[in-house]
Amino acid sequence: MIELKNISKTFKVAKRSAGFTEAVKGLFKKDYTYINALQDVSFTINDGEMVGYIGPNGAGKSSTIKIMSGVLTPDSGECIINGRTPWKDRVSHVRDIGVVFGQRSQLWWDVPVIDSFELIRDIYKVDKSEYKKTLSSLTELLDIGEIVKTPARQLSLGQRMRCEIAASLLHNPKILFLDEPTIGLDAVSKIAVREFIKTVNRENKTTVILTTHDMQDIEALTERILLIGKGRILLDGSLSQLKKRNSTHKTVTVDYTGASLPALENAVVVKDLNGHGEIVIDTAIVTVSQIISVISAAVEVKDISVVGETVDETVVSLYKEFEI
Amino acid sequence: MRKYLSFFRIRFIAGPQYRAAAWAGIATQFAWGGMNILMFRAFYESGQNSFPMPFSSLSSYIWLQQAFLALFMAWFFDSEIFDSIVSGNIAYELCRPCDIYGMWFTKNLAIRISRAVLRCMPILIFAFLLPKPYCLSLPADLLSAVLFGVSTVLGLLVIVSFSMLIYISAFYTVSPMGVRILATSVIEFFAGALIPIPFFPQWLQPFIYALPFASMQNTPFLIYTGFLSGWEAVKSIGLQLIWFIILFVLGQLLIKHAIKKVVVQGG
Amino acid sequence: MQYKASFFMTALGQFLISFTTFIGMYFMLSRFNSVKGFSLSEILICFSIVLMAFSITECFARGFDVFPRLIRSGDLDRIIVRPRGIVFQVLTSNMEFSRVGRLLQAVIMLAYAIPACGVQWTWDKVLTLALMLFGGVAVFTALFILYAGISFFTIEGLEFMNIFTDGSREFGKYPLSVYGEGMLKIYTFVVPIALFQYYPFLYLVGRSDNLWYAFLPLLAALFIIPCYLFFRFGLRKYKSTGS
């Protein structure tokens, strides 16, 4: 179980100023600015959960991940992961976690991937027979049986990412942190990676925490979402909750034969021209089917479509709402 | 221990991939050694009495220097390590249940040894086949050979633990590049890489022998050539051991402090 | 700020590297007084001219030194598609002024050696000195271009070229006859270092009356032609194979 309580973290950043005299002054006295990376962050994640951790750049995502993986100490607050405080018990804590940073490789680039795997096995002191078992299931699931014999530098991005994920799971971690695992991947690799993450979560009951900018990742993978902005948790709930919260507005587009659309209560006709109309409704007031029945009673409908907000738009509007 | 061995292995096996570079390096070093010997020959001809060792010993010294260049090179620093410190990516390395110092130390050892293994044999063999007094001669006796072996290992440990301090300095300075160049020139000079320490002025030698740099390549090569022998050789090896312990412990302390800073400050 | 500190440290480091070379030479000559009959102040003339030529060349032709990196990173393709001369662009792509540390060292040594070596500074001697420097810059530039040209064919094998680039700087610190007749021939006919270092130097310090020696650096400068042609040859191959 992961439990964060009132975690806060402030970074002290030296101000850099232009100009020579300023630079000389800077030798003696430095001005600092303080950045509140995290303010009062609290959440709990249960074993076996899969959580999407989203927010704009610089919102505090990676600071949180760093704190949870024991490589950053917060100023105040509590963080208990599987009964341990990560930064106090770093070495034994990191044995239980696997980390994939999409922008950074943990494979040694000039040796075959399998050699990196064996080194990781030794670093984590994984039992030989257990390693064999894990490796064969990973190679099968990720379809990397052939590519592990190639040096990492010769792999394509998609192949490399699959190997990275395998590398982070060789020691059977209880918790897996994925930092933008699909960044830069092509569609096929993205889907393969997502499928695999799902499988790991389902079969091994591995807790997965995923940060991403790719909303399709979130839609495909996670039930629960944590939205962070300016160092604060803004929303903690399910994806459908998130959608509901901000996407009660829907746009109905109709093609019809007839003079014009009927007058509608509780809806706004934004466009009605030559048999093509667009109506915006608020599903909190009126349902889509009510509107459709009113329309189809008045005119002959040739084609109709209902479009809600995409997750991307929802997130953008959430950002706007919280002014981040 | 096992993980360090494994770590050593992975760096070591990466070496032979660069075979063409190794051959080019061997040729370069051979030419370089030859030019140096010719230069010293000119000095030898100008004043034999001022020459602190037999000319053949000097030849051996130079060839050993070229053959084991990769072990003792002062300018070699792993830029991956510097990059990870400067960019703050060092944090990610903390995600492994591993001691950073041990990992870096092993990595440096492995790179140096694998390059040296690849390059030393052809140079040693060529150098043996050269005519006297330009060739590499055998050590005087078995004891010197054994002491040379021990001293080479210690010398390697001393230079790696010294370069660890330079890596660690990157946590604190604004210019790791500058520190690196400064360190390189200081090590090269005082270690006897430019001219062997016996060629330094007499009054300066005691000071130089007391510095850690003399415990790098100087001690093993002087033992091999017979310049240091018997009790003198054993004493120098003791000094190497002392320097290794001091530098190693100092590095451990400093890195602990540096990592604490990273963990608190986020790099 | 960070940049300035870095620049200063790097320049200081560069200075120290060649300064330790000087100290080493000083130690050797205070032990032996002279080598092949040359005194320290005479040798310093050679050393400072070679070092000065090398560091001037390095300041502006550094782009050729990092040329293999341009090829590997694909930046060369960007250079080729621009409507300017390739050599010009490479020259201007990377100026490395931290090398002024080395240059400073060379200037100091020359300033010491000029009065100390007992030369009567008549106009022909001054001209000789200037020609030596000119020839040196030309030969080192040629070597850098050659180095870049070879990197079209092999990158791993490039280390061998260091014998000629770094090696010429390193071994050019002594009058080249120090290394024996054979080496002097190689440095005269293969890599014409001796043409701007040894022979005009003999005339300069009055060990030879042959005025022609003073003009040999001009001959040495011609070395740039075959090196440039080789570079063009490599570039053509690169353009046609793209690798």
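In the predicted model, chain B carries 17 positive and 9 negative side chains, and the centres of these two sets are separated by 7 Å. For chain C the corresponding sets comprise 20 positive and 13 negative charges, whose mean positions lie 5 Å apart.

The secondary structure of chain B consists of 12 helices and zero strands, so that, by the definition applied to helices and strands, the order of elements from the N terminus reads α-α-α-α-α-α-α-α-α-α-α-α. Chain C likewise contains zero strands, its helices numbering 13, and from its N terminus the elements follow one another as α-α-α-α-α-α-α-α-α-α-α-α-α. The radius of gyration of chain C is 19 Å, close to the 18 Å that the globule rule gives for 243 residues, and chain C is therefore as compact as a globular protein of that length. Chain B, with 267 residues, also has a radius of gyration of 19 Å, which agrees with the value near 18 Å expected of a compact globule.

Along the principal axes, the C-alpha trace of chain B extends over about 60 × 45 × 35 Å, while the C-alpha atoms of chain C occupy a box of roughly 55 × 45 × 30 Å. Of the contacts in chain B with a sequence separation of 6 or more, 81% are made by residues 24 or more positions apart; in chain C, 75% of the contacts between residues at least 6 apart in sequence join residues at least 24 apart.

With respect to solvent accessibility, 61% of the 267 residues of chain B count as buried, and the chain exposes about 10500 Å², of which carbon and sulfur atoms supply 72%. In chain C, 56% of the 243 residues count as buried, and of the exposed area of about 10400 Å², carbon and sulfur atoms contribute 66%.

The largest nonpolar core comprises 197 residues, and those with the most contacts inside this core are B:Phe40, B:Phe68 and C:Tyr174, so named residues of both chain B and chain C belong to this one set of buried residues joined through side-chain atoms within 4.5 Å. When residues up to four places away in sequence are left out of account, B:Phe68 touches B:Cys120, B:Leu124, B:Phe148 and B:Phe221. Apart from the largest core lies another core, of 43 residues, which includes A:Met50, A:Tyr131, A:Met161 and A:Phe196.

Definitions and conventions. Residues numbered from 1 in each chain as written. Chains lettered and ligands numbered in written order. Predicted model: local features only at pLDDT ≥ 70, side-chain atom pairs only at ≥ 80, totals over all residues. Heavy atoms only, no water. Helix = DSSP H or I, 4+ residues; strand = E, 2+ residues; numbered from the N terminus. Rg over C-alpha atoms; globule rule 2.2 N^0.38 Å. Buried < 20%, exposed > 50% of the residue type's maximum accessible area, 1.4 Å probe, protein only. Contact = heavy atoms within 4.5 Å. Areas by Shrake-Rupley, 256 points an atom, 1.4 Å probe, with all protein chains shown as cover. Lys, Arg positive; Asp, Glu negative; His and termini not counted. Charge placed at Lys NZ, Arg CZ, Asp CG, Glu CD.
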